[in-house]
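Let's take a walk through this structure together, going from its open spaces to its enclosed one and then to its charged contacts. Keep the 3D view at hand as you read.

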Amino acid sequence: MKKIFKFILLLSSLSLFSCGNKAIENRALTQNEWENLCNSYSNINFTLNITVENSGSTISTEYIMNGDNIKTVVLASVSGIKMNIEAYITKESDNYYLITQLDNKQWVKTSTTKESYDDGRNPYSVYADKYECFTYDSENKVYKQIKEINIANQSDINSNTIITDGVLKLNDDRSRILSYEYNARNSNSDIKVHNVQALNYDDVPEIVLPQNISNASTL
């Protein structure tokens, strides 16, 4: 009986050890896993904090993605001038709207495109086809960028954002992005900015849209 009991304990410990290893498996994602990861952000709630620095100027942006709503708060300090800007993008049935505030504090709603909404709701979908631009560093458990990434600018169709030196960190089971850090410049400029992104998935705040919103067309 004692031998049987010891054998059961041994099997149990091996099982626990095996499960523990699986939970923190250290390997690169397959291309299909990478694509699923990047595309998953369209359907999950999370907060994204971005800090952009260049020549002493800092812009900090907090994005809250919750359901069909996006909230953006921009805190900027440029040449000693501080700015605090709040905006929302929301989906209503098959319609998409941008909600901003005028100088007189009046909130206004204007139509926007599905593409703008999708880009805001999932900022990582543009990396779904960039699997070959990264290599996995198993020692540091991060993805390092090995090729330049060009992303089209919606606001200026004649230029791209060029991303270099990217380092992307995932959680232990590689199902979520924890942070992404890189340098970026406009294709029409040599000026670089340093971009640091941090993501959180716990206790994502509910987004309450402003009251007394007017349609821009009625003002």
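What follows is a tour of pockets, a cavity, a surface patch and salt bridges.

A word before setting out: this is a predicted model, so please read every value below as computed from that model.

A good place to begin is the largest pocket, which has a volume of about 1200 Å³. Its lining counts 31 residues, and Y63, D119, P123, I151 and T161 are the ones that lie nearest the centre. Many elements take part: two or more lining residues come from each of β1 (46-54), β2 (57-66), β3 (69-78), α3, β9 (149-152), β10 (160-170), β11 (177-186) and β12 (192-200). Strand β2 gives the largest share, 4 residues. What sort of residues line the largest pocket, by class? The lining has 20 nonpolar, 10 polar and 1 charged residues.

Next, turn to the second largest pocket, with about 180 Å³ of space. You will find it lined by N84, I85, E86, T100, Q101, L102, D103 and K105. Two strands, β4 and β5 (95-101), supply at least two of these residues each, and the largest share, 3 residues, belongs to β4. By class, this lining divides into 2 nonpolar, 3 polar and 3 charged residues.

One of those lining residues, I85, is worth a second look. I85 sits in strand β4, which covers residues 81-92. Besides lining the second largest pocket, I85 joins I81 and M83 in a nonpolar patch on the surface, and the three together have about 280 Å² of accessible area. Is I85 buried, partly exposed or exposed? I85 counts as partly exposed, because its relative accessibility is 44%, and the partly exposed class runs between 20% and 50%.

Now for the enclosed space. How many cavities of 30 Å³ or more does the count give? The count comes to 1, and about 40 Å³ of space lies in the largest cavity. Around that space you will see W34, L37, C38, Y124, Y127, L168 and I177. Helix α2 (residues 31-39) contributes the largest share of this lining, 3 residues. In class terms the picture is simple: 7 nonpolar residues, no polar and no charged.

The last stop is the charged contacts, where the count comes to 6 salt bridges. Among them is the pair R27 and E33, whose closest N and O atoms are 3.0 Å apart. R27 is partly exposed, with 27% relative accessible area, and E33 is also partly exposed, at 28%.

Another salt bridge joins the side chains of D118 and K114, at 2.6 Å from N to O. Where do these two residues lie? Both belong to helix α3 (residues 114-121), and they are 4 residues apart, about one turn of the helix. D118 has a relative accessible area of 30% and so is partly exposed; K114 counts as partly exposed too, at 43%.

A further salt bridge links D137 with K144, and here the closest N and O atoms are 3.1 Å apart. Is D137 buried or exposed? D137 counts as buried because its relative accessibility is 16%, and buried means under 20%. Its partner K144, at 36%, counts as partly exposed.

Conventions. Residues numbered from 1 in each chain as written. Predicted model: local features only at pLDDT ≥ 70, side-chain atom pairs only at ≥ 80, totals over all residues. Heavy atoms only, no water. Patch = residues over 30% accessible without salt bridge, like charges linked within 9 Å, V, L, I, M, F, W, Y side chains within 5 Å. Areas by Shrake-Rupley, 256 points an atom, 1.4 Å probe, with all protein chains shown as cover. Salt bridge = Lys/Arg side-chain N within 4 Å of Asp/Glu carboxyl O. Buried < 20%, exposed > 50% of the residue type's maximum accessible area, 1.4 Å probe, protein only. 1 Å grid on protein atoms, 1.4 Å probe; cavity = no way out; pocket = protein on both sides within 12 Å on 5 of 7 lines; lining within 4 Å. Points joined across faces, edges and corners; volume = space filled by probe spheres on them. Nonpolar A, V, L, I, M, F, W, Y, C, P; charged D, E, K, R; others polar.
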